[in-house]
Amino acid sequence: AGIHSLINLTKEFGIEFNKWEKNPGGTKKTKAQIAKAAAAGAKAKKKWSKGKVKEKLNLAIFIDKDCFKGIKTLAKTKLITVSTVSDKLKVNGSIARKIIRYAFQEKLIRRLEQHHKQYVYTGVEAK
């Protein structure tokens, strides 16, 4: 009884059954077939992106005539910080701080808030 009766039943209906058989089809795969199956099943490796790289800005390190003309336009600007001056006049941060100090002394801008890390000014003619 048990498993032997099951084997006999399956043989009557033409079904091959052997609990010790690893490859039920009876045919062994060659090494080439195994390698091909492994290659087909493997997914492509995920490639990591390098990330977005911000382009290097070519900022001026001296105040030239064009920059000096730009200082006059600060009087019409609503919000003036080191970063906004640096962006508008294409100068680095240390020059932007000096420009802000100069514009404040010339009464082109007025101070809203000053902190040891952040200066916030507004233009005199700003609406």
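In this predicted model, R110 touches F104, Y121, T122, G123 and V124, leaving aside residues up to four places away in sequence. R110 itself is found in strand β1. One of its partners shows nicely how folding brings parts of a chain together: R110 and T122 are twelve residues apart in sequence, and their C-alpha atoms are 5.6 Å apart in space. Is R110 buried, partly exposed or exposed? Its relative accessibility is 44%, so R110 counts as partly exposed, because that category lies between under 20% for buried and over 50% for exposed.

Now step back along the chain to the loop between α5 and β1, where you will find K107. Its phi angle is near 65°, a positive value in a residue other than glycine. K107 has a relative accessible area of 65%, so K107 is exposed. You can find another residue of this kind in the loop between α4 and α5, which is the place of K90. Phi of K90 is near 55°, again a positive value in a residue that is not glycine. With 52% relative accessibility, K90 also counts as exposed.

Next, let us look at two of the helices. How do the axes of α3 and α5 cross? Helix α3 spans residues 65-73 and helix α5 spans residues 93-105; their axes come within 10 Å and cross at roughly 50°. Because of that angle, α3 is oblique to α5. The crossing is right-handed. Which residues make the contact? On the α3 side they are C67, F68 and I71, and on the α5 side they are I99, Y102 and A103. If you sort the residues of this contact by character, you get six nonpolar, no polar and no charged.

Stay with α3 for a moment, and look around its axis. C67, G70 and I71 are buried. These buried residues cover an arc of only 110° around the axis, and therefore they lie on the same side of α3. What covers them? The cover includes α4, residues 82-89, and α5. Two of the buried residues, C67 and I71, are already familiar, as they take part in the contact with α5. Turn to the other side of α3 and the picture changes: K65, D66 and K69 are exposed there. So α3 has one side holding the buried C67, G70 and I71, while K65, D66 and K69 are exposed on the other.

Definitions and conventions:
Residues numbered from 1 in each chain as written. Predicted model: local features only at pLDDT ≥ 70, side-chain atom pairs only at ≥ 80, totals over all residues. Heavy atoms only, no water. Axes fitted to C-alpha atoms, helices over the stretch in contact; angles between N-to-C directions. Helix = DSSP H or I, 4+ residues; strand = E, 2+ residues; numbered from the N terminus. Parallel < 35°, antiparallel > 145°, perpendicular 65-115°, else oblique. Left-handed = near helix turned anticlockwise from the far one by under 90°. Contact = heavy atoms within 4.5 Å. Nonpolar A, V, L, I, M, F, W, Y, C, P; charged D, E, K, R; others polar. Buried < 20%, exposed > 50% of the residue type's maximum accessible area, 1.4 Å probe, protein only. Arc of directions from axis to C-beta.
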